[in-house]
Amino acid sequence: MLLLDFLHTQSAHCESGVAANLLTHHGLNISEAMAFGIGGGLFFGYLPFIRINGLPLVTYRAAAGHILRQIAGIPGVCMVEKKFRNRDEAMAELDHALAASIPVGLQTGVFWLPYFPKALRFHFNAHNLVVYGKEGNEYLISLARARFASGALAPKGKMYYLTQAPAELELAPHLVRGIQSVCKMMLASPFPLIGVKGIRFLAKRLGRWPQRLGREKADLHLGHVVRMQEEIGTGGGGFRFMYAAFLQESATIMQEPRLQECAAALTAAGDTWREFAAMAARICKKRGRPEDSYPAMVACLNRCGAMEEKVFAELRQWARQHS
Amino acid sequence: MDPLQQELLELICTTCNLHDVDLASIGPDDPLIGPDSPLGTDSLDALEIAVTVQKEYGVRMDSENTSRVVLQSVTHLADYIKANR
C-alpha cells in the first residue's frame, strides 16, 4: 500500500477544495473559500446553446479549470498539467507521480466514481479530486474509467500537481485581483447571458416558458435549472455562501468593514437563490403554495439580480480604491 | 428517537406532502433522501427540506456536500441542528 503524507480536508466544492488542499500540502495554508475567491470562482451564465442532458446550461461558477489556472498564475506557484490520449499512459504517469510522493489532482467523470452513491451519479465530467495513495490496483479516490469519461467536458486523463508553492503569500493583492475579475464578469460582460444581465435574461425567459413550451416541458426546464443550481457542482446558493465566506475572511485580512457588509449582502442573495429554488421545486413536484407561480419566480430571480448588482458594484468600487 | 428527531421527521413529511408515511416505521438511521429512503424523497425534496430547516431552526446548510452529509438520516440532521443553532 502506498499512502502519501497528505492531510485531506473535506471541501464544499471540488475545484476550490483541490486547490486549497494542494497548496496546504505544499505549506501554504489557505482555506477553500480563499482559494475560491482568489481564483475568481463566482459567476453566472445562462447558456442555452450549450446543452446538458438536452437542456440549457445554467452555471453559477466560473468555467471548470478557471480557479486552478488563476492559482497556478500566483508568483511562486508551479503547476504541472498533463492530458493524455492513451489510458495506460495516463495511469502510468499517475503511478509515477504517486511513487515520487506527489499528491495528484485529476479531472474525472462523476458517473464512474465508485464512492458516489448510485442515486447521485450523473454524467458530469469536470469533477476534480486528489489522489494521495494506492492499495494494489485500487487508488485512494480514483478510477481509470472516470479519467476517460466521454461527452461534454471530457477530462482526457487530465492530471495536475504542484511542484512548488511559496512558503508565505501576501494575500491582499491576490484577493483584490480576484474580486476585480468576478466584478468584471458579473457587471461588465458585453454578453447579455453573463453576470447580472444573464440573471435577468434567465428571469425573462423563465417567465415565458409556460406559454412557449407548454406547462409540462416548462416544469422540466425548471427542474433542470434547480438541479444545476443546487446539485451538480454548479450550485448557485452554495457558491454565493462560499464567496461570502471569502469576503468575510478578506474583511479580517484587510481590516475592512465594507467587505464584511458585502459578505452579509451576498449571503442574503444566496438565501434568495435558495428561496427561488425551493419555490421551483414545489412547482415541479406539483405541491405549490398559493403564492408560488412562474411570475413569482421571475420576481425572485430579479431580486437575486438586483441584490448581486448592488454587492458587486460596491465591491468594484472598493477594489478600485485598493488596486 | 428523541423529541427533536421526531419533530424533524414530522416537519419533513409536512414539507414534502408525505401523508401516507407510517412515521413509526422510520428508524433514526434510515436514509432520508434517495431510492433507499423509506420516505421516497429525491434531491428536489432535499432542497425544500434544507430551506425549511433554515427557516424553522435558523441553521443553514451551506453547500451541496453539507446537505448530502446532514440529510443522511434524521439522526445526522438533528445532530447538525443541535451543533449549529
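A nonpolar core is a set of buried Ala, Val, Leu, Ile, Met, Phe, Trp, Tyr and Cys residues joined through C-beta atoms within 7 Å, where buried means that 20 or more other C-beta atoms, placed from the backbone, lie within 10 Å of a residue's own, exposed means 12 or fewer, and partly exposed lies in between. The model is predicted, and local features need pLDDT of at least 70, side-chain atom pairs count only at pLDDT 80 or more, and totals for chains, interfaces and linings use all residues. Residues are numbered from 1 along each chain as its sequence is written, while chains are lettered from A and ligands numbered from 1 in the order in which they are written.

**Exercise 1.** Locate the largest nonpolar core relative to the domains of chain A.

Step 1. The largest nonpolar core has 110 residues, and those with the most contacts inside it are A:A19, A:A35, A:M242, A:Y243, A:A280 and B:L47.

Step 2. With 14 residues, helix α10 (257–284) of chain A gives the most to this core; helices are DSSP runs of H or I with at least four residues, numbered from the N terminus.

Step 3. Because domain 1 (2–30 + 78–164) and domain 2 (171–322) of chain A both give residues to this core, the core lies between them; the domain bounds come from an automatic or database domain assignment.

**Exercise 2.** Describe the surroundings of B:P38.

Step 1. B:P38 is placed in the loop of chain B between α1 (3–15) and α2 (43–57).

Step 2. B:P38 counts as partly exposed because it has 14 C-beta neighbours inside 10 Å.

Step 3. Apart from neighbours within four places in sequence, B:P38 is in contact (C-beta atoms within 7 Å) with B:S25, B:I26 and B:D30.

Terms used. Helix = DSSP H or I, 4+ residues; strand = E, 2+ residues; numbered from the N terminus. Contact = placed C-beta atoms within 7 Å.
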